Amino acid sequence: MNSSIIDGKAVSLSVKESVRERIAALAREGKRVPCLAVIIVGDNPASRSYVRGKVKAAEFTGMDSRLIELPGDVSESSLLEVIAGLNEDAAVDGILVQLPLPRHIDEQKVIDSIAVEKDVDGFHPENVARLWLGRPCAIPCTPKGIIRLIDSTGVSIEGSRAVVVGRSNIVGKPVAKLLLDRNATVTMAHSRSRDLAALCREADILVVATGRPGMVTADMVKPGAVVIDVGINRTADGRLTGDVDFEGASQVAGWITPVPGGVGPMTIAMLMENTLEARLAKG
Ligand code: NDP
């Protein structure tokens, strides 16, 4: 059996086009278009490439963006001051601080300092609490994008067995909550799970976010399952590869995301959507 490829590039393009149309409509009404502020600290090449992608996507949708580049040795207090300024700035709707930050900066303190209504990443503790309480909130971009990709297959989430491998705050936990909200029966697996292969084989929907290249192999996939590979790992020769052995798993799965071209582009598209929503929330 050969699975269908879930085309994250195509789905993300349609999301960005829809954001672009809604922004054009705002502009036609003479209203202010959304503005996303992206802060990058230091010169980590992967972070630089992610930030470039975000600014490019903002340009595509017609929203304004501000790129704030700070040196790697910037003090925590200076970074907090920059964020405080953006919090106060009525022209800014979304603030994104590219992670990871240098070791001398307390990441949680920085996230906590972003105004909740401008937290388009959905990482602020109040947004996290709201997500788990089922209240309106900014939904973290990668998990939100994953649900969109599953929906694009037409496979019903309701009543399905979903297994999420990985329990990070930015991917595993929120995606499990979103699947639960859609009435899947959710299992969260992690590095201490016993017999991971058997757990994974139960999954109608298998989401893998471990950062372990190729760890999910064909024998761990239920025939016909939807497999979402969140992993972005760089091989020794510079290629990007996922957490799922694509060659093998695609022989068994019903649907599967490639890496690159799966979840990655969706994360950026959802950031655009969240920024537009933050703007619209202001009326
Ligand atoms: P973390 O390192 O924060 O978490 C990894 C999780 O995987 C942990 O919960 C860990 O378990 C679990 N894990 C590790 N090894 C195993 C194993 N052998 N068996 C079972 N579970 C295991 O990673 P992130 O969630 O931040 O990221 C995961 C991957 O997704 C990375 O490759 C990252 O680059 C990518 N990513 C991609 C994004 C995108 O836009 N496409 C966005 C964010 C991340 P335990 O808790 O027990 O240690």
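**Exercise 1. State which way the residues of strand β4 point, and where β4 pairs.**

Solution. In strand β4 (residues 94-97), G94 and L96 point one way and I95 and V97 the other way, and all are buried. Buried means under 20% relative accessible area, exposed over 50%, and partly exposed in between, with a 1.4 Å probe and protein chains only. Strands (E, at least two residues) and helices (H or I, at least four) are DSSP runs, numbered from the N terminus.

Next, take the pairing: strand β2 (residues 35-41) runs parallel to β4, joined by four bridges. Two strands pair if DSSP finds at least two bridges between them. L96 in β4 is the bridge partner of V38.

The model is predicted: local features need pLDDT of at least 70 and side-chain atom pairs count only at pLDDT 80 or more, while totals for chains, interfaces and linings use all residues. Residues are numbered from 1 along each chain as its sequence is written, and side-chain values use heavy atoms, with hydrogens and water left out.

**Exercise 2. Describe the lining of the largest cavity.**

Solution. A cavity is a set of points on a 1 Å grid over the protein atoms alone where a 1.4 Å probe fits but cannot get out; lining residues have an atom within 4 Å of a point. The largest cavity has a volume of about 70 Å³, the volume being the space filled by probe spheres set on the points, which are joined across faces, edges and corners.

Among the lining residues are I95, L96, V97, V110 and F123. β4 gives the largest share, three residues. Both β4 and α4 (107-113) supply at least two residues each.

**Exercise 3. Find the salt bridges of D93 and R148, and say what each pair links.**

Solution. A salt bridge is a side-chain nitrogen of Lys or Arg within 4 Å of a carboxyl oxygen of Asp or Glu. By this rule the count is 15.

D93 forms a salt bridge with R32, with the closest N and O atoms 3.0 Å apart. D93 lies in the loop between α3 (76-88) and β4, and R32 in the loop between α1 (8-28) and β2, so the pair ties together parts 61 residues apart in sequence. D93 is buried at 0% relative accessibility, whereas R32 is partly exposed at 32%.

R148 forms a salt bridge with E273, with the closest N and O atoms 2.7 Å apart. R148 is in helix α6 (residues 141-153) and E273 in helix α10 (residues 263-281), 125 residues apart. Salt bridges that share partners join K144, R148, E273 and E277 into one network.

How values were computed: On a 1 Å grid over the protein atoms alone, a cavity is a set of points where a 1.4 Å probe fits but cannot get out, and a pocket is an open set with protein on both sides within 12 Å along at least five of seven lines; lining residues have an atom within 4 Å of a point.
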